[in-house]
Amino acid sequence: MNVAERIVVRFYSILRLRLKTERVELAVAETTIKELLHLVEQKTGQKFLAELLDDAGEMLMGTIILVNGKNIRLLKKMATKARGGDTVDLISPVGGG
Amino acid sequence: MSGWLGKIAKVDLSSGQQEIVPIPADWQRRYLGGRGLGVKLYTTLCSPATDPLAADNALIFMTGPLNGTVMTSGRYQVISRSPLTLTICDSSSGGSFGAVLKQAGLDGLIIQGRAKSPVFLAIHEGKIEIRDAGHLWGLNTQQTQRAVIGETDRKASVACIGPAGENQVLFASILNDKDRAAGRGGMGAVMGSKNLKALAVYGNREVPVANPEAMKNLTARLDRIVDKNPVTGKSLPVLGTSVLVNVMNAHGMFPVHNFRRGVFNDAEGISGEKIAESLLQRQSACYKCPIACGRSTKTNNKQGEGPEYESVWALGANLGISDLAAITEANYACNELGLDTITMGGTLGCAMELAAEGVFPGDFHWGDAGSLSSWIEDTAWQRGIGAELAQGSRRLAEKYGRPEAAMQVKGLEIPAYDPRGAQGMALAFATSNRGGCHMRAYLIGPEILGHPVFLDRFSTAGKAEIVALFQDISALVDSLTLCRFLQLAVGISTFTEMLNGVTGLDFSDEELLRVGRRIYTLERSFNVQAGFNRRDDSLPPRFLQEKLPEGPSRNRVVQLDEMLDRYYAIRGWDGNGVPLPQTIETLGL
């Protein structure tokens with residue numbers, strides 16, 4: 001698969017433990033984050049959206065989704081586009097310090 | 001009165017004299033306890049002319065009105081002037097010591113003077129016994145705790161110093177309940193300067209609660225809230241604080257090589273996720289804490305607690321070290337010897353940078369995991385090059401003519417967030433009353449973690465306002481002497497409810513915020529009298545001039561001046577950072 005035709009999705013925190021994998025690669029040229037999450041569910045065979053989203057499909061307080069390191073809350077939130085060659089980080093709510 | 005016992009003792013170790021210190025009637029309401037009441041007492045006993053390591057300096061162990069009652073109320077604060085920064089300083093620790101100090105009959109203890117030979121204090125039923133500790137001098141913190149428990153009571157909680165405190169390393173810590181640490185600012189050095197090896201507290205006194213039924217209901221409600229919250233109920237107990245390694249790295253602000261870079265290629269190998277699958281034996285919790293963020297861990301050679309996020313960074317990525325077992329054992333060594341891991345790592349990072357430039361004589365190289373434990377040991381005992389490391393990064397860098405190589409504010413090493421990646425966190429570092437510290441105002445919450453609101457990390461808009469507010473809230477929570485992690489699940493109104501339920505008083509949220517502001521301004525006033533001003537509310541030039549070279553924070557620098565002017569205006573301080581007379585008057589200082 002050509003790099004430009006795949007999106008790398010990385011998982012952190014509780015989400016990683018839930019999915020039991022650090023990352024998946026999706027052969028998609030372009031998609032929204034909302035669609036991408038469903039594609040990841042299909043690929044992993046696991047229902048994990050509750051770790052990131054509320055019942056209305058909006059991000060929980062503390063959910064972090066980055067496209068190439070940029071927080072989608074500063075872009076178009078769940079309508080933000082990810083394209084082939086991008087890296088998407090999915091981080092379920094964390095704290096520490 | 002409920003909550004407070006109304007008993008703060010003072011011991012002069014030079015003369016052996018003891019007294020109960022009368023507290024003016026309104027101080028508890030105006031300063032609460034912990035950090036606030038401790039700082040107020042300190043400023044009445046000492047002046048900005050006081051040498052932190054001189055006999056007349058005061059070292060204050062303080063609890064608050066909630067200790068021993070509500071969840072996370074085992075904490076305590078240690079207050080003094082820092083020998084590392086010369087600012088006012090308070091250092092906080094978890095475990096159970098704060099609750100047990102009250103069960104032993106005291107709200108707090110002020111220690112002045114210097115014992116002729118090493119001693120420890122046994123505190124029980126409100127009485128303080130000064131006992132010989134000559135046979136304990138030289139023992140590490142774990143050996144000391146076991147020995148003192150053996151000589152006092154099997155249920156005693158012990159706070160003590162290790163060799164680093166005895167040798168007055170400027171960033172020596174105080175350890176209690178095995179591995180809980182009052183780490184920052186060198187409170188262990190102050191303790192060592194007094195020839196005071198340990199405090200043992202034990203007793204069965206119940207803390208009076210004004211409205212036990214209301215508190216029972218509140219506790220049940222809070223248990224559900226904390227359990228349901230995804231951070232306090234899942235992420236922290238399962239993965240601990242080191243879960244932040246990958247998160248900060250993904251934002252390009254995980255400091256590498258003494259903050260020269262913001263992306264660590266080996267982050268996965270030292271992450272909280274990795275610790276959970278490799279070293280973790282079990283979670284550990286402080287007194288009445290349902291979160292249990294502590295990590296009991298084991299390497300092939302040793303076992304202990306941690307490393308926490310700050311320590312895994314300071315002794316790892318900051319030095320270019322990715323050997324998790326070596327980092328973990330270095331963390332154990334810091335705990336045993338009684339050293340602040342953040343300043344230890346910050347100082348080693350500075351030494352490595354100086355050595356790479358050829359201006360430092362020591363054999364220091366990025367990534368040298370094999371030497372880590374011996375450097376730490378030499379620092380604690382002030383042996384060879386360790387005697388120079390024992391002074392912290394600022395003094396080390398100044399000695400070798402490169403003061404800008406020390407990543408510090410007011411002499412305290414900056415923790416594991418590159419300020420170029422979060423403008424508000426940068427302002428919080430610069431204006432912190434105890435120097436480079438993330439705990440005065442944790443802007444990483446809104447700027448990275450999206451809690452309690454999400455803010456653009458690269459924008460300066462509104463950051464001055466929220467830094468001042470967070471500083472006030474942090475001063476408040478430190479004076480209630482509760483764990484900051486509770487704030488991940490509840491807001492200030494819950495703290496008000498707790499305080500009113502325990503004390504029977506009628507605080508409002510507004511009054512408590514005002515208490516926080518009063519405490520922060522009192523601390524600032526002490527620092528101003530000690531000579532600190534706008535010049536000191538700054539950051540190393542690296543953060544103001546050098547752009548991060550790579551990653552999601554690439555090309556960023558801190559825009560400090562524009563935030564600082566606004567911050568001073570919000571605080572009611574003049575352009576040089578000095579509280580205006582009307583600010584002092586309005587807060588009743």
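The following dialogue concerns how domain 1 and domain 2 of chain B meet in a predicted model.

Visitor: Which domains does the assignment give for chain B?

Guide: The domain assignment divides chain B into domain 1 (8–201), domain 2 (240–405) and domain 3 (422–488 + 508–586). Over C-alpha atoms, the centres of domain 1 and domain 2 of chain B are separated by 26 Å. Their contact draws on 35 residues from domain 1 of chain B and 29 residues from domain 2 of chain B.

Visitor: How should one read the buried area, and what is its value between domain 1 and domain 2 of chain B?

Guide: Buried area is the accessible area that two parts lose on being put together, summed over both. Between domain 1 and domain 2 of chain B, the value is about 2,400 Å², and carbon and sulfur atoms give 55% of this area. On the side of domain 1, B:Phe171, B:Asp179 and B:Arg184 supply 25% of the area buried against domain 2 of chain B, more than any other three residues.

Visitor: How many salt bridges are counted between these two domains?

Guide: A salt bridge requires a side-chain nitrogen of Lys or Arg within 4 Å of a carboxyl oxygen of Asp or Glu. The count between domain 1 and domain 2 of chain B is 2 salt bridges. B:Arg180 forms a salt bridge with B:Glu305, with the closest N and O atoms 3.4 Å apart. The count of residue pairs in polar contact between the two domains is 19.

Visitor: Which elements give two or more residues to the side of domain 1 that touches domain 2 of chain B?

Guide: They are α3 (97–103), α4 (141–151) and α5 (163–166) of chain B. The largest share, 3 residues, comes from α5(B). The residues on this side of domain 1 comprise 12 nonpolar, 20 polar and 3 charged.

Notes. Residues are numbered from 1 along each chain as its sequence is written. Chains are lettered from A and ligands numbered from 1 in the order in which they are written. This is a predicted model: local features need pLDDT of at least 70, side-chain atom pairs count only at pLDDT 80 or more; totals for chains, interfaces and linings use all residues. Side-chain values use heavy atoms; hydrogens and water are left out. Domain bounds come from an automatic or database domain assignment. Contact means heavy atoms within 4.5 Å. Buried area is the accessible area (1.4 Å probe) that two parts lose on being put together, summed over both. A polar contact is a pair of N or O atoms within 3.5 Å; within protein, one must be able to donate a hydrogen and the other to accept it, and residues adjacent in sequence count only if both atoms are side-chain atoms. Helices (H or I, at least four residues) and strands (E, at least two) are DSSP runs, numbered from the N terminus. Ala, Val, Leu, Ile, Met, Phe, Trp, Tyr, Cys and Pro count as nonpolar, Asp, Glu, Lys and Arg as charged, and the others, Gly among them, as polar.
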